[in-house]
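Ready for a few short exercises on charged side chains? Have a look at the structure first, then work through each task with its solution.

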Amino acid sequence: MKFQTPAGHNPIDRMSVVGQPLDRIDGPLKTTGTAPYAYEQHDAAPDAAYGHVVGAGIAKGRIRRLDIKAAERAPGVLAVITADTAGPLEVGPHNTVPLLGGPEIRHYHQAVALVVAESFEAARAAAGRVRIEYEAHAGAYDLEAARTTATAPEANAQMGEPDTQVGDFLGAFADAPVRLDETYTTPDQSHMMMEPHASIARWDDGTLTLWTSTQMVEWCARGIAKTLRMDRSKVHVISPYIGGGFGGKLFLRADALLAALGARATGRPVKVALHRPLIANNSTHRPATIQRVRLGATRDGVITAIGHESWSGDQPGGGPETAVSQTRLLYAGANRLTAMRLAVLDLPEGNSMRAPGEAPGMMALEIAMDEMAEKLRLDPVEFRIRNDTQVDPENPERPFSARPLITCLQTGAAQFGWQRRDARPGRVKDGQWLVGLGMAAAFRNNLPMTSGARVRLDGDGRITVETDMTDIGTGSYTIIAQTAAEMMGVRMDQVEVRLGDSTYPVSAGSGGQFGANNATSGVYAACIGLREEVARRLGFNSQDADFADGQVRSGNRSAPLASAAARGEIVAEDRIEYGDLHKTHQQSTFGSHFVEVAVDGATGEVRVRRMLAVCAAGRILNPKSARSQVIGAMTMGVGAALMEHLKVDTRRGFFVNHDLASYEVPVHADIPHQEVIFLDETDPMSSPMKAKGVGELGICGVAAAVANAIYNATGVRVRDYPITLDTYLDRLPDVA
Amino acid sequence: MIPFTYERPGSPAEAAAAAAKPGAKLIAGGTNLLDLMKLEIETPVHLVDVNGLALDTIEATGDGGLRIGALVSNTDLAADARVRRDYAVLSRALVSGASGQLRNKATTAGNLLQRTRCPYFYDTAQPCNKRSPGSGCSAIGGMTRQLAIIGASEACIATHPSDMAVALRVLDAEIETLSGEGTTRRIPMAEFHRLPGDTPEIETALNAGNLITAVILPRPVPGRHVYRKVRDRASYAFALVSVAAIIEDGGRGRVALGGVAHKPWRVEAAESELARGARATTARLLEGARPSRDNAFKITLVERTLDAILSDARGAQ
């Protein structure tokens, strides 16, 4: 199905199942521990051997000598795989650095060996017997130091051009009566999902079956096929349950490749999980940024010049953190400049994490907006309202498909009690605590992606959906079932959803908050095909047939849905493909974040007290799972604001705090009362579902709202994340 | 983890004798040791499991104190009515540490013997004098924000992570040990943990084959018992700094610090400055501190935290 014109009235608009706050259908499996995650596919791959990964102990250089003899002789060891023994390997289409290093080492903890043994303990013990001598080379590990060497990255579809300019930014900025020119920094961050990267591999006559934890089944399949120089059709990827990904499991990683190599070498299924201390440096991370924001405005708060430049680093051949992308779209302003610069660093490879681009970009831009509002003596909500735009400000002929940013801001302000905020910082005290309110806009694009599905109707009237879509904890199973139930007029318990298998039609996968809208639209397309075939078999005109309560009705006639499949299962398959509505209309999601913090006047410790997010993201397919997505994202925003920070040892070139004891994320005690409001919105430009993404909208802007609340509480402006107490302790006002 | 043998001795004396053998290690709650064994930072070839020894009671001593068995869990110790009433600083320190699950497993003796959380100690690809004596200290000049500001050496700048130990130091507790030969010893908390010097791998005054049998608390110290732990998140994090204090009316009292040194940090002479306030006390307590650029804030943080404690104590009078 090609989606080329705005969606008209369709069966989803009934909202009898779609749009209902239903419990997750996979919930009981997960809460009882019976959902088989990749490492737990004991039944599918019995007799698996265990692989343990050895990571490089230097950041850059060469292996001078790799001695695996002691490891090979260790009890229970079946094989030791290294670059010498693995056979020829290519680099997958999404990978920047070879997943199995040696003799050249490109980053710390790059895998250099896999030890396969009869037990996990034997593999781990033997891995400790691998002896490696390195020749360390000097590398570049410090973004600030490498900033002057950064160059413009090549344009691509995801980030667009590295530079954009509209009007005369420099002239308008110089002439603006009120100006802001500040630099902000965001640190390297790690995904730190609960389930580590994990895979089991098995070979049968040249065909590889891979049970793995991946957000994008097809990307993983293509990645392993390319890396092992084999035909894509000889790869079967299975990933029904994923314990979080956050962008860290978008494509092939070392666990899957090494499991495949280990299984090939031993003739046994082999399972590999990256142990926690390896993940931060072995896998991908969100790269640090340095961001300069310049705003020029008239005295009455109309932005006349808006400039945002971002510097980030990556391995040679890698890409930038696209931290300026929201600034191209979020606020009006006749004169504009954005630029991204990329430095070569020898740190582990950077890639997508939790709203790449906008999450760190909004961390800078939305502090800048708060600072500018103060310079203008304007309320920060009002300042944003004054600079709303209903068209793409770089291409004014492109309207937004829907843009209720002002409603989000006003609703949030009213619901949060924003009018009670004292604009003068440091004025509100509650015992030892300094109390402040802060806010930020939220913004994240909607990304249309081709997505396929297959639906089956059997003689009992049951619907089965098959798609390689993944559920990374988001609720995909449930919203897909809701879509099929709505389309076919059956109950939820009459729908079975099968996900995460590369023998199913290729879906959008999970990432970039694009999964829900695209995957359900693919199911919608397949269901349209199934409805047509049902109507044909029942002798109905498919155009006016109504599917409800297990019946198909047309005019005065009606027949049980099941009867259409009485003589055999009916199968329909289709995919959603997009025309150019997203080119003629900018499709984005909008919101507002409001935060109340208390800062201990003595120690500077920050405690978030209340949070509110207002989201406009098209049709909300399941308000319960969508709310869970948003409160999870808000929690990540608090982490980004206050604690998440991969600390670089710039001498030795690695992330030092590479475990969950030292890379801190919020615990329950850090997270207060959270509220989420969804605006009632449908976007007929986005898809037949009239939905857009919502998960990542929930993180974009949160950290800045926290930073702005800390400023309101204390009068201390911090422009470097995370905002830990040591960065402002000596600037706190006297509480006593 | 390397293969090891395992035994459950029948008495404290047997345990001490078994622990004296080369490569042997005592295990109680295992909340730290097992992690270290998995990473091959600790590589015992023989584990002596003391959990079966009847060292899990808290009893009154003849001189008005408490004798805490080595195997009393952190949870039980924190919840003991006598501890909560008479040694509140200890109870408060305990509940600020780790998580509920860990406190259920962790023991009194094990808590004292936990090892540093310096990230370079935990990364076996990095030099570390504590882990591999003579290999060098990779933390110096590296990521030092959490590390020691005082009492450190050119060999090691690690901190001791325990909260409980800081409270025991301010309470002047003593550690009772039993050797393989059957002799008992009482080691004052002040002498129990060592500064790193040239031998950061030697962390306590224990000898090989010494078994901690109990921690002895002297008669209760009157005053307001406070434990204030400052950290980057609200729970389940090690201290940036912590302050254990017992403040009497009139501003006299005792104070010990966590998160600043290789051992709980107390300078008795500094306590005479308490009546003059946090600045004077901190100056004396941390006299000779040599912080790095990344952890110099700890001095300010100690002073501000102590100031808040003293101010609260004044307000409560």
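**Exercise 1.** Find which residues are linked in the salt-bridge network that includes A:Arg454.

*Solution.* Keep in mind that this is a predicted model. Starting from A:Arg454, the network of salt bridges takes in A:Arg456 and A:Arg498. On the acidic side, its members are A:Glu466, A:Glu496, A:Glu569 and A:Glu573. For context, 77 salt bridges are found over all chains.

**Exercise 2.** Work out where in chain A the partners A:Glu195 and A:Lys249 lie, and decide whether A:Glu195 is buried or exposed.

*Solution.* Begin with the contact: the closest N and O atoms of A:Glu195 and A:Lys249 are 2.9 Å apart, and the two form a salt bridge. Next, place them: A:Glu195 sits in the loop between β9 (178-186) and β10 (198-204), whereas A:Lys249 belongs to the loop between β12 (235-238) and α7 (254-266). The pair therefore links distant parts of the chain, 54 residues apart.

Now for accessibility, where buried means under 20% relative accessible area. A:Glu195 has 11%, so it is buried. A:Lys249, at 1%, also counts as buried.

**Exercise 3.** Classify B:Glu248 and B:Arg252 as buried, partly exposed or exposed.

*Solution.* First, the pair forms a salt bridge, with the closest N and O atoms 3.5 Å apart. B:Glu248 has a relative accessibility of 26%, so it counts as partly exposed. B:Arg252 reaches 51%, and exposed means over 50%, so B:Arg252 counts as exposed.

Note on methods: Residues are numbered from 1 along each chain as its sequence is written. Chains are lettered from A and ligands numbered from 1 in the order in which they are written. This is a predicted model: local features need pLDDT of at least 70, side-chain atom pairs count only at pLDDT 80 or more; totals for chains, interfaces and linings use all residues. Side-chain values use heavy atoms; hydrogens and water are left out. A salt bridge is a side-chain nitrogen of Lys or Arg within 4 Å of a carboxyl oxygen of Asp or Glu. Helices (H or I, at least four residues) and strands (E, at least two) are DSSP runs, numbered from the N terminus. Buried means under 20% relative accessible area, exposed over 50%, partly exposed in between (1.4 Å probe, protein chains only).
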